[in-house]
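Student: Please take one part of this model and look at it closely, then follow the structure outward from there. I would like the cut-off behind each term as you come to it.

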Amino acid sequence: MNWRNFEKHLLDSGFSQKDRAFLEKVFEFASKIHEGEKRLSGDDYIVHPIAVAIKIMNLKLDAATVAAGLLHDVVEKDPQAQKEIRKKFGEEVAFLVDSVTKVDRVHATGTDRAMESVKKMFLAVAQDIRVVIVKLMDRLHNMETLSYQKKEKQDRIAKETLSLYASLADRLGMWNVKAKLEDLSMRYVYPQEYEKITTEVKKRLPERERFLKKLVPILKVELEKEKIPLSDISYREKHIYSIWKKLEQNEGDWSRLFDLLAVRIIVPDIKNCYGALGVIHKLWKPIPGRFKDYIALPKPNGYQSLHTSVFAEDGVVVEFQIRTEEMHKEAESGIAAHWAYSEAGKPKQGFKAIGKKFNWIGQLAQWEKDLEKSNSSSEEMLESLKIDFFRDRIFVLTPKGDVIDLPQGATPLDFAYHIHSEIGNKASGAKVNEKLVSLSRELNSGDVIEIMTQKNKKPSIEWLSMVKTSMAKNFIRRELKISGSKSFLSLNSYPVDLKIYGKNRIGFIKDITAVFSRLRINIQSLNADRSGNEAAPIKINFLSKGEEQIKKLTEVLKKVEGVTRVESKVK
Ligand code: MN
């Protein structure tokens with residue numbers, strides 16, 4: 001039954017024989033893993049990945065993305081599956097599934113301000129626009145079946161959908177998806193308002209429709225006279241959530257809500273968009289300030305159309321939206337349409353290239369600018385000017401899914417201090433993605449980090465070389481100073497004098513100090529003034545953790561070119 005449902009869509013999809021055979025194999029694999037598993041609705045679990053994959057197919061995305069849709073929950077069910085996916089279905093599908101799994105850990109729980117970090121992290125972790133689209137389709141289907149969830153979960157998921165997913169859909173210009181997500185969420189988050197507006201719209205819509213039915217023939221006659229070809233004309237019902245938002249702006253005044261039902265006109269090309277606009281303005285008087293040329297000046301998410309509102313017959317206000325077929329497809333499914341239609345007939349070269357064409361990064365830059373406008377204090381201004389988050393920021397998660405934004409190269413110790421200075425000070429170990437790692441391991445975007453603490457643990461001077469953020473460094477310095485210099489001994493470190501003998505050559509000292517930093521040993525003082533006497537040693541003082549460390553250091557130093565002898569003396 002499930003297979004037949006999927007197969008029907010597969011046959012309509014336009015995929016090649018080879019792609020269809022490939023997706024059939026993926027389907028079988030996913031079915032096997034989810035076998036016996038049920039959704040809360042009582043359906044077999046596989047119904048959900050199928051629904052997601054069909055939504056992806058409807059957006060006309062490539063076979064790898066459809067495969068990722070089928071497999072998107074497989075790794076959660078069986079962590080071992082990731083390897084098998086790579087072996088069976090290749091690197092690209094494995095990468096998409098892996099990224100979807102990572103993105104799953106990103107949850108929006110914080111305040112609005114934290115929301116911006118969450119969105120950025122989501123995109124940084126996703127790495128590929130297709131991953132974002134899989135997640136949007138996943139969320140859409142989960143929202144469509146949210147009634148089966150418990151009340152508490154409904155509320156949390158719906159709120160997250162409004163603050164994170166709808167906003168991401170908007171950023172990608174996927175207007176249709178955004179509208180669906182918002183209306184579905186509103187039902188759960190603001191049930192009374194949803195009910196009220198739906199009732200009101202139902203009451204007003206028939207009258208409005210009757211009116212437009214009279215209006216459209218008048219327009220059609222005029223367009224024909226001016227020889228403007230019409231591809232389609234229809235009414236667009238504004239979605240409930242956006243009506244509600246508009247109403248709030250207008251203090252609940254329905255009469256100022258012009259676009260409850262807008263007329264959408266689709267023509268073959270841009271020239272005829274302006275032609276149709278001329279006809280409308282000749283027929284009816286436009287309302288000043290309501291004309292918007294999004295063709296000449298597209299919205300940041302790429303949306304293009306002409307919008308105008310006019311006083312139509314009997315002075316009733318009507319909004320028109322005029323656009324080409326291509327603009328229409330893009331307005332409906334955003335970046336996905338761009339991918340599907342601009343590449344028609346050509347071999348698909350991967351989404352990243354399309355992303356560039358769509359000015360994906362440009363959009364994010366615009367996003368930063370929006371932020372900048374909305375913030376007033378100079379400190380926040382500086383924050384929002386950082387558009388380097390793909391280059392030198394990473395986004396990691398607490399086990400609860402809170403997002404922590406750190407510089408590239410940051411370690412679990414940075415993370416610990418970021419959470420709280422006491423967690424930093426008492427840090428004894430770390431788990432990254434449930435695996436034990438050292439506190440100095442470099443972190444990656446999407447990592448989930450858990451810090452283990454010990455009551456009597458204290459920072460050591462070496463920690464200073466293990467952290468990247470100045471915040472962590474300051475906390476460590478403060479803690480070391482508060483403890484007093486005597487306590488260095490109690491931290492099991494003691495000063496050591498080292499004498500290094502060897503030949504003078506260019507870069508000699510640099511190579512020696514490099515050894516210290518490689519072994520993460522902080523040099524306290526260095527005296528390299530040998531006054532031309534090669535027999536005189538370079539003297540280095542450092543805080544040592546013990547015999548073992550000194551032995552290792554000596555060994556490595558002896559390997560440096562030119563070093564003849566190393567002597568150490570514990571003070
Ligand atoms: Mn899912």
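Tutor: The donor residues of the manganese ion follow the spacing H-x23-H-D-x64-D in sequence, where donors are N, O and S atoms within 2.8 Å of the metal (3.2 Å for Na, K and Ca), and since water is not among the atoms, sites may look incomplete. The model is predicted, so that local features need pLDDT of at least 70 and side-chain atom pairs count only at pLDDT 80 or more, while totals for chains, interfaces and linings use all residues. Residues are numbered from 1 along each chain as its sequence is written, and side-chain values use heavy atoms, with hydrogens and water left out.

The residues behind that spacing are His-48 and His-72, each through NE2, together with Asp-73 and Asp-138, each through OD, and they coordinate the manganese ion at 2.2 to 2.3 Å. Of these donors, His-72 and Asp-73 are both buried, a word that here means under 20% relative accessible area, with exposed over 50% and partly exposed in between (1.4 Å probe, protein chains only).

Asp-73 also leads to His-34, which touches Tyr-45, Ile-46, Pro-49, Asp-73, Val-74 and Lys-77, not counting residues up to four places away in sequence; a contact of this kind means heavy atoms within 4.5 Å. His-34 sits in the loop between α2 (17–33) and α3 (47–58), where helices (H or I, at least four residues) and strands (E, at least two) are DSSP runs, numbered from the N terminus. His-34 counts as buried because its relative accessible area is 3%.

From this loop one can step back to α2 and its helix partners. With helix α4 (residues 63–71), α2 packs at an angle of about 10 degrees, the two axes being 9 Å apart; axes are lines fitted to C-alpha atoms, for helices over the stretch in contact, and angles run from 0 to 180 degrees between N-to-C directions. The two helices are therefore roughly parallel, given that angles under 35 degrees count as roughly parallel, over 145 as roughly antiparallel, 65 to 115 as roughly perpendicular and the rest as oblique. The contact draws on Asp-19, Phe-22, Leu-23, Val-26, Phe-27, Phe-29 and Ala-30 of α2, and on Ala-63, Val-66, Ala-67, Leu-70 and Leu-71 of α4. Sorted by class, the residues of this contact of α2 with α4 are eleven nonpolar, no polar and one charged, where Ala, Val, Leu, Ile, Met, Phe, Trp, Tyr, Cys and Pro count as nonpolar, Asp, Glu, Lys and Arg as charged, and the others, Gly among them, as polar.

With helix α6 (residues 81–89), the axis of α2 comes within 12 Å and crosses at roughly 165 degrees, which means that α2 is roughly antiparallel to α6. On the α2 side the contact uses Phe-22, Lys-25, Val-26, Phe-29 and Ile-33, and on the α6 side Ala-81, Glu-84, Ile-85, Lys-88 and Phe-89. This contact of α2 with α6 divides into seven nonpolar, no polar and three charged residues.

Further along the chain, Lys-135 lies in helix α9 (residues 129–144) and counts as buried because its relative accessibility is 5%. Leaving out residues up to four places away in sequence, Lys-135 touches Val-100, Val-103, Asp-104, Phe-122 and Tyr-165.

Met-174 lies in the loop between α10 (151–171) and α11 (175–189), and at 0% relative accessibility Met-174 is buried. Although Met-174 and Ile-133 are 41 residues apart in sequence, their C-alpha atoms are 9.5 Å apart in space. Both α10 and α11, along with α12, are among the elements that cover the buried residues of α13; those buried residues of helix α13 (residues 240–249) are Ile-240, Tyr-241, Ser-242, Ile-243, Trp-244 and Leu-247.

Backbone angles deserve a remark too. Most residues other than glycine have a negative phi. Glu-251, which follows α13, has a positive phi near 50 degrees, and Lys-227, not a glycine, has a positive phi of about 60 degrees. Lys-227 belongs to the loop between α12 (191–225) and β1 (232–237) and counts as exposed because its relative accessibility is 71%.

For the chain as a whole, the secondary structure comes to 26 helices and 15 strands, and buried residues make up 50% of the 571 residues. Among contacts between residues at least 6 apart in sequence, 66% join residues at least 24 apart.
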